[in-house]
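Got your viewer open? Load the model, switch on the cartoon view, and keep the selection box handy.

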Amino acid sequence: MLITFPKRVLIFAAHQDDEAIGCGATIRKLTAENHEVYVVFVTDGSTGIDKHHEDTCFNIVHLRANEAFKALNYLGVKSAN
């Protein structure tokens with residue numbers, strides 16, 4: 001029996017970079033085979049920093065979102081929101 005992959009794949013990741021570390025090679029393989037891959041991040045990445053400094057919190061959220069967008073683009077995910 002031949003196992004086939006679905007044409008659309010939805011990945012849930014708790015934090016930005018979990019998708020790349022956990023299944024980056026699989027994402028790249030699927031996008032290279034023209035599958036639609038979507039990634040949903042469950043958090044905004046603001047945890048683990050000093051929340052008393054709002055500017056740092058905003059910057060880290062923006063930085064992590066930007067890095068995630070670049071990583072997903074590199075892995076072949078067509079759009080990230």
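We'll use some burial words throughout: a residue is buried under 20% relative accessible area, exposed over 50%, and partly exposed in between (1.4 Å probe, protein chains only). You're looking at a predicted model, where local features need pLDDT of at least 70, side-chain atom pairs count only at pLDDT 80 or more, and totals for chains, interfaces and linings use all residues. Residues are numbered from 1 along each chain as its sequence is written, and side-chain values use heavy atoms, with hydrogens and water left out.

**Stop 1: the whole chain**

Colour by secondary structure. Helices (H or I, at least four residues) and strands (E, at least two) are DSSP runs, numbered from the N terminus. The protein has two helices and two strands, and from the N terminus on they come in the order β-α-β-α. Of the 81 residues in the protein, 26% are buried.

**Stop 2: strand β1**

Select residues 8-13, which form strand β1. In a regular strand the side chains alternate between the two faces of the sheet. Show the side chains here: Val9, Ile11 and Ala13 sit on the covered face of β1, while Arg8, Leu10 and Phe12 are on the uncovered one.

**Stop 3: the partner strand**

Now add residues 36-41, strand β2. β1 and β2 run parallel and are joined by six bridges; two strands pair if DSSP finds at least two bridges between them. For a landmark, find Val9, which stands opposite Val37 in β2.

**Stop 4: a nonpolar patch**

Which residues make the nonpolar surface patch of about 440 Å²? Select Leu10, Phe12, Tyr38 and Val42 to see it. Patches like this one are made of residues with over 30% relative accessible area and no salt bridge, with nonpolar side chains (Val, Leu, Ile, Met, Phe, Trp, Tyr) joined within 5 Å and like charges within 9 Å. Areas come from the Shrake-Rupley method with a 1.4 Å probe, and for residues only the protein chains shown count as cover. Zoom in on Tyr38, in strand β2: Tyr38 has a relative accessible area of 38%, so it is partly exposed.

**Stop 5: salt bridges**

Side chains of opposite charge can pair when their charged atoms come close. A salt bridge here is a side-chain nitrogen of Lys or Arg within 4 Å of a carboxyl oxygen of Asp or Glu, and the structure holds two.

Pick Arg8 and Glu36, whose side chains meet at 4.0 Å, N to O. Arg8 belongs to β1 and Glu36 to β2, so this pair ties together parts that are 28 residues apart in sequence. Arg8 is exposed at 61%, and Glu36 is partly exposed at 37%.

Then pick Glu33 and Lys29, which meet at 2.9 Å, N to O. Glu33 is partly exposed at 35%, and so is Lys29 at 43%.

**Stop 6: helix α1**

Select residues 18-32, helix α1. The expected span of a helix is 1.5 Å times one less than its number of residues, so the 15 residues of α1 should cover 21 Å; the end C-alpha atoms are 20 Å apart, which agrees.

Where is the kink in α1 centred? Click Gly24: the bend is about 80°, taken as the angle between axes fitted to the seven residues ending there and the seven starting there. Gly24 is buried, and so are Glu19, Ile27, Leu30 and Thr31.

**Stop 7: the loop after α1**

Finish at Asn34, in the loop between α1 and β2. Asn34 has a positive phi, near 65°, and is exposed at 63% relative accessibility. Draw a C-alpha to C-alpha distance to Val77: the two residues are 43 apart in sequence but 9.9 Å apart in space.
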